[in-house]
Amino acid sequence: MMKTRDFYDFKTIETKWRKKWADEKVFQVTEDRAAPKYYVLEMFIYPSGTAHMGHLRNYAIGDAYAWYKRLCGFNVLHPFGFDAFGLPAENAALKYQTHPETWTLTNIARIRTQLQGWGISYDWSREITTCLPEYYRWNQWLFVKMYERGLAYKKAGWVNWCDQCNTVLANEQVVNGCCWRHAEAPVQQKQLEQWALKITAYAEELLQETYHLPQWPEKVLVMQRNWIGKSDGAEVRFPVENGETAIAIFTTRIDTIYGANAILISPEHPLLENLIAHVPHQAEVRQFVAKLKNKMRSERLLVDIEKEGLFTGRYAVNPFSGERLPIWIANFVLMDYGTGAIMSVPAHDPRDFEFAKKYDLPIPVVIEPEGAPERPPRLEAAFVEYGRLVNSGPFSGMTSEIARRKMAEYAKVQGFGQEAITYRLKDWGISRQRFWGTPIPIVYCCRCGAVPVPEQDLPVVLPKVTEFRPAGGSPLAQVESFVDTKCPKCGGGARRETDTMDTFVDSSWYFYRYLDPKNDEMPFRPDLVKHWFPVDFYIGGIEHAILHLIYMRFITKVLRDFGWTNIGEPVKQLFTQGMVTLDGQVMSKSKGNIVDPDQTMEQFGVDTLRLYLLFAAPPEKDLDWCDTGIEGAHRFLNRVYRLVSHYADAVIGLGALQADEPLSQADHRLQRKTHETIRRVTADIGERLHLNTAVAAIMELVNELQDFTAPKTLSTSSMKVLKHALETLTLVLAPFTPHLSEELWSSLGQSQTLAATAWPAYDTELARAAVLEIPVQVNGKLRSRLFVERTTDDDTVKQLGLDDPKVKPFLEGKQIVKLVYVPKKLVNIVVS
């Protein structure tokens, strides 16, 4: 007898299945060589407070894919962890008068409880926490290995400094001239000794591989290419007049060199002091240089910044023309771009043109457009395109393309230049003057210099201290018991490095540690990398395009070259999800426009919440929260629950439908809709990741089921068709609502959990849509659409097109020349 369970008790259902999954370790995996592997990963969380709606959307997308692949027979690795070091925890600890470790571990415990309550299918046995010594020991191991190979080094240089953070920022962490964490905090320039990782050694490979990542968003790849910023050109050395040195410049337009009117150098240029040592106005020069150095680096990068300069009193010689060129200091020339010096060619560069106009410098023209009329007497703007050289000695008459090659060859033969490549990408500065991070494993000995801490002495553990406030330097420098140590080489007295590592070091390799999180002898076993890598599907925000996502690629190449991995790229497919907004605004505690996921889950259940987040918008687009949307999702799941539970007992004992069993028209329709739904959902999840349209297809199946079950009685054959449809509905819902699906699967008499079940297969013929949508055109313009049964014959379709009330007005008074019919696809009526 059929019975209805009207009440969808989501709290009981969700609690029940989470416990069962945990008790039976359903999501724990090992290296099963018999099944194909699939590594699904969401970017791990920074435990700054509690997980928010944006986190849940990210994790729900990943979990839908993990469930789908699991049901398709893959051995799915789906781990999680905590990106636990970092400045926000340290600042919060100072604000709330606690310790960063206490603050962080408390938040981790809270977030872990949240995530487990959300029912995400993580293998929690692989959890990692980056602030624990058993993890950051391997950060230090990696640093030492890179130091031994010349990929980690220390040098003095100008750095980005945030006064609010009291620490250095990498170039990638400066956004619009301000700290990436403090949008209101202008970044200053400071000269410090800093540890850096030599990412520039991999610049060309990092660039070229962006053209071989077909499953990465093109927007991310373009951002990375622009950040790497490769420029092909030439380096030319301009001898300093009355000196023993030369100023090297890099240019992409050596074809314009005869148009140089000056050499412009950065205020940080290392030759500057020698250049002005004997000029009478050196005090004025130094004052000007100090003023420029105090300007924000990003401000000096702006195209529309007012150009400022000062003549040094010295000259260089153009090695091509022999012309004497004044050497100026200019505010828009940066030391970390090219060589820190440029040749000023005002007729063919907008910045140089503006500079020359301001300081009344000559503007010689050396490139003219092909077939150009006679040049006007006064140049109104720089001509920046390629053209034909004029006033360029023996190179006059050449095209720019030919001249670039010939002039670089000439410079090489003459010994004052050569072809060169430069990159915008600079080495990754990792020194941070804060407490809550990985200590850099270097000691300084007066006899042996900088000495790496031996591997057997790692980790260098953060000391347990109560005072960790920054005081203009590294807090660790105030801890004598930490600083004072012995030299690993000579045994003499030594001092530890007191800077800590940038927290992006933690996240540059964490996805490898998931493979072997308990290993205390090595960071991970290389054979496990061979089995699991690359990561098949990686989900996170596009804001990480030129920070985490470029660093992880770099470290993967380093580990490959060390022999620890066999891959050059860590991620096969990258997916960047959209944000969750409220009334078009990004949710923020400071704005007071937060929708708490746990409160929503308490009211509607986590399956409802997950379904809503996956249905309300395409996963790559922003989702604007709507209360009526979550209510609609909840009503839908109630319908599903009542529908399946009403018929569950009646279909449990039924066998499979036999080929010779008679079927009614309604049976055929539901059978077709079931197979069509499997086909659509399979394609939407597995091929296109259109999760929202997959849910829409499932909703259509539910509507069909409700129409099918409207009669009071159903035949045995109909009940068998119904059974298959209900089982299909339960399975295709599993990636979106796993708790409810498990409950319904069990109610249908299944003893195995869904994780051990196979994704439903579809019959290709039955999966073809029963109703076709056929556009009707008149003279090629769309006028209407027909919706007809697939079995409708061709003549009937043509007549329906002619008789369509939306088409008839366009046929009145016209002669039908011909009727073009593309079977089951298009009707086009040609009239005159």
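**A tour that starts from one residue pair**

Select V236 and I249: V236 stands opposite I249, which belongs to strand β11. The model on the screen is a predicted one.

Next, select E235 as well. E235 stands opposite F250, again in β11. Now widen the selection to strand β10, which covers residues 230-239. How many bridges join β10 to β11? There are six of them, and the two strands run antiparallel.

Follow the chain from β10 to β11. The two strands form a hairpin with six residues between them. Pause in the turn at N242, where phi is positive, at about 60°.

**The sheet around the hairpin**

Add strand β18 to the selection. The picture is now an open sheet of three strands in the order β11-β10-β18, paired in antiparallel fashion. Which strands stand at the edges? They are β11, residues 246-251, and β18, residues 417-423. Each of these two has a single partner strand, so one of its sides is left without a neighbour in the sheet. Viewed from one strand to the next, the twist averages 35°.

Then select residues 400-414, which make up helix α12. Helix α12 lies across β10 and β18, and its direction makes an angle of about 115° with β18.

**Two cis peptide bonds**

The next stops concern the backbone. Most peptide bonds are trans. Select L458 and P459: the peptide bond from L458 to P459 is cis, and its omega is near 5°. Where does P459 lie? Its place is the loop between β22, residues 449-452, and α13, residues 480-483.

Move on to F533 and P534. The bond leading from F533 to P534 is a cis peptide bond, with omega near 5°. P534 is found in a loop, with α16 (526-532) on one side and β26 (537-540) on the other.

**Two residues with positive phi**

Most residues other than glycine have a negative phi. Select N779, a residue other than glycine whose phi is positive, near 55°. The loop that holds N779 runs between β31, residues 771-778, and β32, residues 781-789. How does N779 count in terms of exposure? Partly exposed is the class that applies, because the relative accessibility of N779 is 44% and this class lies between the buried limit of 20% and the exposed limit of 50%.

Continue to K824. Although K824 is not a glycine, its phi is positive, at about 65°. Select the flanking strands β33 (816-822) and β34 (826-831) to see the loop in which K824 lies. K824, too, is partly exposed, with a relative accessible area of 33%.

**The whole chain**

Finally, clear the selection and display the entire chain. Along its principal axes, the C-alpha trace spans about 105 × 85 × 50 Å. Colouring by secondary structure shows 26 helices and 34 strands. What percentage of the 832 residues counts as buried? The value is 55%.

Turn on the surface to see the exposed area of the chain, about 36,000 Å², of which carbon and sulfur atoms supply 51%. Then consider the contacts between residues at least 6 apart in sequence: 72% of them join residues at least 24 apart. As a last step, colour the charges. The chain has 96 positive and 101 negative charges, and the mean positions of the two sets are 1 Å apart.

Definitions and conventions. Residues are numbered from 1 along each chain as its sequence is written. This is a predicted model: local features need pLDDT of at least 70, side-chain atom pairs count only at pLDDT 80 or more; totals for chains, interfaces and linings use all residues. Side-chain values use heavy atoms; hydrogens and water are left out. Helices (H or I, at least four residues) and strands (E, at least two) are DSSP runs, numbered from the N terminus. Buried means under 20% relative accessible area, exposed over 50%, partly exposed in between (1.4 Å probe, protein chains only). Contact means heavy atoms within 4.5 Å. Accessible areas come from the Shrake-Rupley method with a 1.4 Å probe; for residues, only the protein chains shown count as cover. Lys and Arg count as positive and Asp and Glu as negative; His and the chain ends are not counted. The place of a charge is taken as NZ of Lys, CZ of Arg, CG of Asp or CD of Glu. Two strands pair if DSSP finds at least two bridges between them. Axes are lines fitted to C-alpha atoms, for helices over the stretch in contact, and angles run from 0 to 180 degrees between N-to-C directions.
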